[in-house]
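Colleague: I have a structure open and would like to learn how to read its features. Could you take me through it?

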Amino acid sequence: MKKILFFSAYTTCLCLLCCFILLVMRPGLLWAVESLSVQPEETTALQDAAKSQASAEAVAIKPKPEEAKQSAEVKESASEQTEETTETKQAEQIEKQKVFLQALCKKLKLPLPEVVRIQDVDYPVPKPWAGNRVRVPYDTAENLALIPTDLTLDGMEIALRKEALAQLERMAVAAREAGITLLVDSGYRSAAYQRDIYERRMEEGLSFERIARHTAPPGYSSHALGTAVDFHPSGSGFQKTKAYSWLKQQAKNYGFHETYFKGNAFGMTWEPWHWEYRLIKKKPAEIVVAARKDKTEAPAATTNTATTQPEAKPAAEEKTNAETTNAQTTAAAAEPPTDEEKQ
């Protein structure tokens, strides 16, 4: 009985002690629970803070527009430098090939091949143009004048050398009196203009060789002299016109000649519309012979009483003829090359 009472008293005391401990420790336990628990508002705030931190890190990693632009410019510059290096190497290789070819031709005593550069590509000049490069006088540009619009097709602005233009106008007046109308559709063309013709036609898909069959390469066209004209219609049907028949008979009287006539030795296709102004002059040898003839005949016309003055006259004539010969020789040298000289 005593044991039961003792156990009961012990249990009671233990329960009272636990209650006392709970009462005393209750505020501390509540604080611990509150600190461990997270409210929904605080959770949202933490999530927002985490997102803003992540976006800040992403912005820090992403390059700025200025930096991206600078990077693109650097890449573009590097690409351009690479292209320039490649082009430079190609140009150096082409130059080396040219030097080697020139040395080889010189060693074998062969003529150097003629080339023209179009769109940064060198093309060999084909026949019949090869060996017939046109020598353009240095004063061509300053001696050009526009042909009157009533003599050009649709009033086109076409230039010609002044001396050729003067004869063209005289010839047009004579043709008009005969009931013939002469219209020019092409005159002076520079080498640069001739190159533009090739570039345009090559962009249309035509090859250099095909264009060269009917169009002179840059530097090989007589139009660069400013003395050549193409009469309308500049095509294969011009030989059937009355204008062509009249030119065949009368053009030489004004210094104009059919450049690429039928069966010409130059090897070009017949171009009846293409005429070139060439002033026909006596050869220097013929002038010298005439001067010598005058010198030998002059003493026969003198008398014995006046020997001094007649002897001075042939000397003056000889000097005049010599000056004329020199002038003609200089003019002949400055005169554009004829078809026979080209061949």
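Modeller: We will go from the whole chain to one helix, then to the spaces beside it and a few backbone details.

Modeller: This is a predicted model, where local features need pLDDT of at least 70, side-chain atom pairs count only at pLDDT 80 or more, and totals for chains, interfaces and linings use all residues. Residues are numbered from 1 along each chain as its sequence is written, and side-chain values use heavy atoms, with hydrogens and water left out.

Colleague: How many helices and strands are there in the protein chain?

Modeller: Helices (H or I, at least four residues) and strands (E, at least two) are DSSP runs, numbered from the N terminus. The protein chain has 10 helices and 8 strands.

Colleague: What share of the residues is buried?

Modeller: A residue is buried at under 20% relative accessible area, exposed at over 50%, and partly exposed in between, using a 1.4 Å probe and protein chains only. Of the 343 residues in the protein chain, 27% are buried. For contacts, which mean heavy atoms within 4.5 Å, look at separation along the chain: among those with a separation of 6 or more, 64% join residues 24 or more positions apart.

Colleague: Let's take a helix. Which residues of helix 5 are buried?

Modeller: A general idea helps here: an α-helix has 3.6 residues a turn, so residues three or four places apart point the same way. In helix 5, the buried residues are Gln194, Ile197, Tyr198 and Met202. Viewed down the helix axis, they fall within an arc of 125°, so they line one face of helix 5. The arc is taken from the directions from the helix axis to the C-beta atoms.

Colleague: What do the buried residues of helix 5 pack against?

Modeller: Their partners are strand 1 (115-118), strand 2 (121-124) and helix 6 (208-212). Helix 5 itself covers residues 191-203, and its 13 residues reach 18 Å from first C-alpha to last, close to the 18 Å expected at 1.5 Å a residue. That expected span is 1.5 Å times one less than the number of residues. After helix 5 comes Gly205, with a positive phi near 110°.

Colleague: Which exposed residues does helix 7 carry on the face turned away from its buried side?

Modeller: Those are Lys242 and Gln249. In helix 7 (residues 242-250), the buried residues are Ala243, Tyr244, Trp246 and Leu247. Down the axis of helix 7 they fall within an arc of 165°, so they too line one face. Their cover includes helix 4 (162-177), strand 6 (228-231), strand 7 (256-258) and strand 8 (274-277).

Colleague: Now the empty spaces. What is the volume of the largest pocket?

Modeller: On a 1 Å grid over the protein atoms alone, a cavity is a set of points where a 1.4 Å probe fits but cannot get out, while a pocket is an open set with protein on both sides within 12 Å along at least five of seven lines; lining residues have an atom within 4 Å of a point. Grid points are joined across faces, edges and corners, and a volume is the space filled by probe spheres set on the points. The largest pocket has about 570 Å³. It is lined by 30 residues, and Ser186, Arg189, Ile197, His223 and Asp230 lie nearest its centre. Helix 5 gives the most to this lining, with 5 residues.

Colleague: How many cavities of 30 Å³ or more does the search find?

Modeller: It finds 1, with about 40 Å³ of space. Its lining includes Arg189, Gln194 and Tyr220.

Colleague: Arg189 came up twice. Where is the place of Arg189?

Modeller: Arg189 sits in the loop between strand 5 and helix 5. Its relative accessible area is 16%, so it is buried. Leaving out residues up to four places away in sequence, Arg189 touches Gln194, Ile197, Ser221, His223, Ala224 and Asp230.

Colleague: Which residues does a cis peptide bond join?

Modeller: One such bond joins Lys127 and Pro128, with omega about 5°. Pro128 is in the loop between strand 2 and strand 3 (144-146). The bond from His232 to Pro233 is also cis, with omega near 0°.

Colleague: And is Asp120 buried or exposed?

Modeller: Asp120 counts as exposed, at 65% relative accessibility. It has a positive phi of about 65° although it is not a glycine, and is found in the loop between strand 1 and strand 2.
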